Amino acid sequence: KSYGNQIVTKMYGDSKYNSDLNSDVTQIELMYDGAPLSVKGLSLSEPVVVTLEAIEPIDTNFSAWMRYETCLYDKQTIIVDCPLGPQNYTCDTSLGGVDGTYFVDFKCPGVVPTCLWWSEADMDWRGEGCRVTDYDSANVTCECTHLTDFVLGQNVTAADFSASYTSAPTSLPSPVPSAVPTAVPTAVPTPVPSPVPSPSPTDQPTPVPTTPGPTFVPTTPAPTPETWAPTTSPAPTELPSPAPTGLPVPAPTGMPLPVPTATPTTPGPTGLPF
């Protein structure tokens with residue numbers, strides 16, 4: 001049977017837990033003829049399971065409990081702004097890297113539910129023998145090793161942190177770069193770059209050509225195809241040849257030159273034979 005949280009003080013007297021209770025009281029008993037029976041054999045491996053409903057919502061926003069800080073030197077005090085109040089963190093350079101600096105993931109204290117039972121011997125609420133196995137903002141599941149009156153309490157966790165740092169660089173510098181990058185790295189880096197790149201081509205082509213690509217339009221006119229058709233002479237001009245001179249060519253003489261003589265100049269044949 002259940003009892004209201006408002007009568008807890010009347011039922012169980014003044015308890016340091018009363019102000020932290022967050023559920024109605026749930027009583028679980030085995031009865032026979034109106035008398036409670038003693039139950040034995042319960043353990044955390046074979047417990048009694050009870051789910052209690054919270055009166056006030058339970059904080060499950062665990063990311064709001066996290067803070068992230070940086071330690072720069074030894075004994076540095078960092079004041080962490082936590083939801084339940086400020087927390088102090090003192091840096092320890094032994095947790096850092098080569099230079100002692102490191103990062104701190106700080107988990108602030110938070111309020112969590114607890115499972116409580118009423119102890120007749122102590123006349124108070126106790127937490128031994130009960131544990132929380134699961135909870136959300138409204139309900140809490142408890143496992144306990146006995147039957148009695150159960151109620152939800154509240155507890156504040158302790159602050160916690162984790163340290164991390166970035167590995168320091170190596171003491172030796174990287175090999176000297178070559179004058180011109182190679183397409184594929186060599187198995188072992190050369191100690192000093194060669195003054196002039198080797199004439200032989202690289203094993204693999206470069207991802208992007210180093211010279212402009214060919215244009216899609218030729219820069220010189222394409223040659224005209226040769227034809228075997230005969231060529232034709234130029235067409236005649238529209239104008240006639242130059243006009244004749246105004247004066248005629250001198251006329252020929254009436255007689256051939258020299259003027260022939262009336263008699264032959266060589267002796268003619270004689271009438272007498274030799």
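In this predicted model, three strands form an open sheet in the order β6-β9-β15, and their pairing is antiparallel. The edges of this sheet are taken by β6 (66-71) and β15 (160-164); each has a single partner strand, so one side of each is left without a neighbour in the sheet. Direction ignored, neighbouring strands here are turned by 20 degrees against each other on average. The contact between β6 and β9 (residues 102-107) consists of 6 bridges, and the two strands run antiparallel. Within this pair, Y68 stands opposite D105 in β9.

A further open sheet, also of 3 strands, has the order β5-β13-β12 with antiparallel pairing. Its edge strands are β5 (48-53) and β12 (130-135), each of which pairs on one side only. The twist from one strand to the next averages 30 degrees. Strand β5 is joined to β13 (residues 139-144) by 6 bridges, again in an antiparallel arrangement. Here L52 is the residue that stands opposite V140 in β13. As a general matter, strands of a sheet pair through backbone hydrogen bonds, either parallel or antiparallel.

Two loop residues deserve attention for their backbone conformation. K75 is not a glycine, yet its phi is positive, at about 65 degrees. This lysine is found in the loop between β6 and β7 (77-80), a loop that thus follows an edge strand of the sheet described at the outset. M123, likewise a residue other than glycine, has a positive phi near 55 degrees. Its place is the loop between β10 (111-119) and β11 (124-126). As to accessibility, K75 is exposed, since its relative accessible area of 61% lies over the 50% cut-off. M123 counts as partly exposed at 45% relative accessibility. The table sets out both residues.

| Residue | Phi | Loop | Relative accessible area |
|---|---|---|---|
| K75 | about 65 degrees | between β6 and β7 | 61%, exposed |
| M123 | near 55 degrees | between β10 and β11 | 45%, partly exposed |

The chain as a whole supplies the setting for these details. Its secondary structure comes to 1 helix and 15 strands. Of the 274 residues in the chain, 20% are buried. The accessible surface comes to about 21,400 Å², and carbon and sulfur atoms account for 61% of that area. Among contacts between residues at least 6 apart in sequence, 64% join residues at least 24 apart.

Key: Residues are numbered from 1 along each chain as its sequence is written. This is a predicted model: local features need pLDDT of at least 70, side-chain atom pairs count only at pLDDT 80 or more; totals for chains, interfaces and linings use all residues. Side-chain values use heavy atoms; hydrogens and water are left out. Helices (H or I, at least four residues) and strands (E, at least two) are DSSP runs, numbered from the N terminus. Buried means under 20% relative accessible area, exposed over 50%, partly exposed in between (1.4 Å probe, protein chains only). Contact means heavy atoms within 4.5 Å. Accessible areas come from the Shrake-Rupley method with a 1.4 Å probe; for residues, only the protein chains shown count as cover. Two strands pair if DSSP finds at least two bridges between them. Axes are lines fitted to C-alpha atoms, for helices over the stretch in contact, and angles run from 0 to 180 degrees between N-to-C directions.
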